[in-house]
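Work through the exercises below with the structure open. Each task is followed by a stepwise solution.

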Amino acid sequence: MSHQYYIGLMSGTSMDGADAVLIQMQGAQWHAALAHSFVPFSDGLRHELLALQDIGSNELHRSIMLGQTLSRLYAQAVKQLLQQQNLPPEAITAIGCHGQTVRHAPEHGYSVQLADLPLLAELTGIFTVGDFRSRDLAAGGQGAPLVPAFHEALFHHPAETRVVLNIGGIANISVLPPDAPAFGFDTGPGNMLMDAWVQHIWQQAYDRNGAKAAQGRVLPELLAKLLDHPYFARPYPKSTGRELFSLDWLQGRLNGSEAPADVLQTLLRYTAQTICDATLQAAPDVRHIYVCGGGIQNAALMQALEHLFAPQNIALHSTAALNLDPQQVEAAAFAWLAACWVNRLPSNPHHATGARHPCILGAGHYA
């Protein structure tokens, strides 16, 4: 069987832009990630997407129009990738497009990812697979996280438990035991609350390298309030988003006298602590954690995680040590999910999502 190319598209809860990753497969067998492109979101688009997190007027029209805007951006990311690699659209077997999550309500059986998939297929001239969460939700699952099956396919080790930690807007872990199915769940906020606070106070997109957080100190009372969220006591499978961990939720736990840098340092410690607690509970025998996502670029956050895991003799590594760039992992996962759809292979990690059975995820749109 000859090699096939797939493109994965991902825009996460950080809402900073769209990543596109070109991968090579042979049937259902992974070969490599070959190239990456990125198209940033404008401030206006980000604000419009954030506004849809809350109930508002004319939501249906706004959602449809934003889905079209996003699909034009996704098509731009695909075009950049094809030009970069000197490939025609017909060389690509399929696009896997996650879309932009604006509501995640598995308790009600739905999760909304904005994307106009037929428009994306039309603009790119490439068969497009999307709507990956709905089938798992229909089978009683959370529709998230979807990446543990991909992590298992690429990173499983026959003799040791590994954990893959993705720190995006939300942080999630995939636990890969040597002799049991992979499972995983959202541990809680990743960059999301830190980014929201930095945007609110300093009107900057994020805290580069944790420099502002480093100027503050942890506020024990605030940290205790944040850790008291009932989400952390819930058993997995579980998933979360801005619906539970929003700027409004944070501000409701402040007394107004806190120094902004102290709040930010506390949020950084909060992210690290909740990741550590969840990992030690779910994978007490792990000794190697492989990190991906935007959070790996926050040096202060990575130092906090290393400090928390060091007493357990647990080492942190980039997924680059396993031959996949940490900024490409999530988009590559949706390219892989598209390959599973094309090959009619169940791809939902039902042990992670809580679905009753394996399912083939996604819906396809011909160009």
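**Exercise 1. The pocket lining**

How do the residues of the lining of the second largest pocket divide into nonpolar, polar and charged?

Solution. Note that the model is predicted.
- Step 1. Take the volume: the second largest pocket has about 440 Å³.
- Step 2. List the lining. It holds 21 residues, and those closest to the pocket centre are Leu50, Ala196, Arg242, Ser246 and Leu247.
- Step 3. Sort the lining by class. Seven residues are nonpolar, eight are polar and six are charged.
- Step 4. Assign the helices. α1 (43–51), α6 (192–202) and α8 (247–251) each supply at least two lining residues. The biggest share comes from α6, with six residues.

**Exercise 2. The salt bridges**

Find the number of salt bridges in the whole structure, then describe the pairs formed by Arg46, Arg103 and Asp262.

Solution.
- Step 1. Recall the principle. Side chains of opposite charge can pair when their charged atoms come close.
- Step 2. Count. The search of the whole structure returns four salt bridges.
- Step 3. Start with Arg46. Its partner is Asp43, with the closest N and O atoms 2.8 Å apart. Both residues sit in helix α1, three residues apart, about one turn of the helix. Arg46 is buried, at 12% relative accessible area.
- Step 4. Go on to Arg103. Its salt bridge is with Glu59, and the closest N and O atoms are 2.6 Å apart. Arg103 belongs to strand β5 (residues 100–105) and Glu59 to helix α2 (residues 59–85), so this pair ties together parts 44 residues apart in sequence. Check burial against the 20% cut-off. Arg103 is buried at 17%, while Glu59 is partly exposed at 23%.
- Step 5. Finish with Asp262. Its closest N and O atoms to Arg217 are 3.8 Å apart. Asp262 lies in helix α9 (residues 260–282) and Arg217 in the loop between α6 and α7 (220–227), so the pair links parts that are 45 residues apart in sequence. Asp262 counts as buried, at 13% relative accessibility.

**Exercise 3. The surroundings of Gln113**

Is Gln113 buried or exposed, and which side chains does a polar contact join to Gln113?

Solution.
- Step 1. Locate the residue. Gln113 is in strand β6 (residues 110–114).
- Step 2. Read the accessibility. Gln113 is buried, because its relative accessible area is 17% and the cut-off is under 20%.
- Step 3. Find the polar contacts. The side chain of Gln113 meets that of Thr101 at 3.0 Å and that of Ser111 at 2.8 Å.
- Step 4. Widen the search. Beyond its neighbours within four places in sequence, Gln113 is in contact with His98, Gly99, Gln100, Thr101 and Arg133.

Terms used
Residues numbered from 1 in each chain as written. Predicted model: local features only at pLDDT ≥ 70, side-chain atom pairs only at ≥ 80, totals over all residues. Heavy atoms only, no water. 1 Å grid on protein atoms, 1.4 Å probe; cavity = no way out; pocket = protein on both sides within 12 Å on 5 of 7 lines; lining within 4 Å. Points joined across faces, edges and corners; volume = space filled by probe spheres on them. Helix = DSSP H or I, 4+ residues; strand = E, 2+ residues; numbered from the N terminus. Nonpolar A, V, L, I, M, F, W, Y, C, P; charged D, E, K, R; others polar. Buried < 20%, exposed > 50% of the residue type's maximum accessible area, 1.4 Å probe, protein only. Polar contact = N/O pair within 3.5 Å; in protein donor to acceptor, adjacent residues only side chain to side chain. Contact = heavy atoms within 4.5 Å. Salt bridge = Lys/Arg side-chain N within 4 Å of Asp/Glu carboxyl O.
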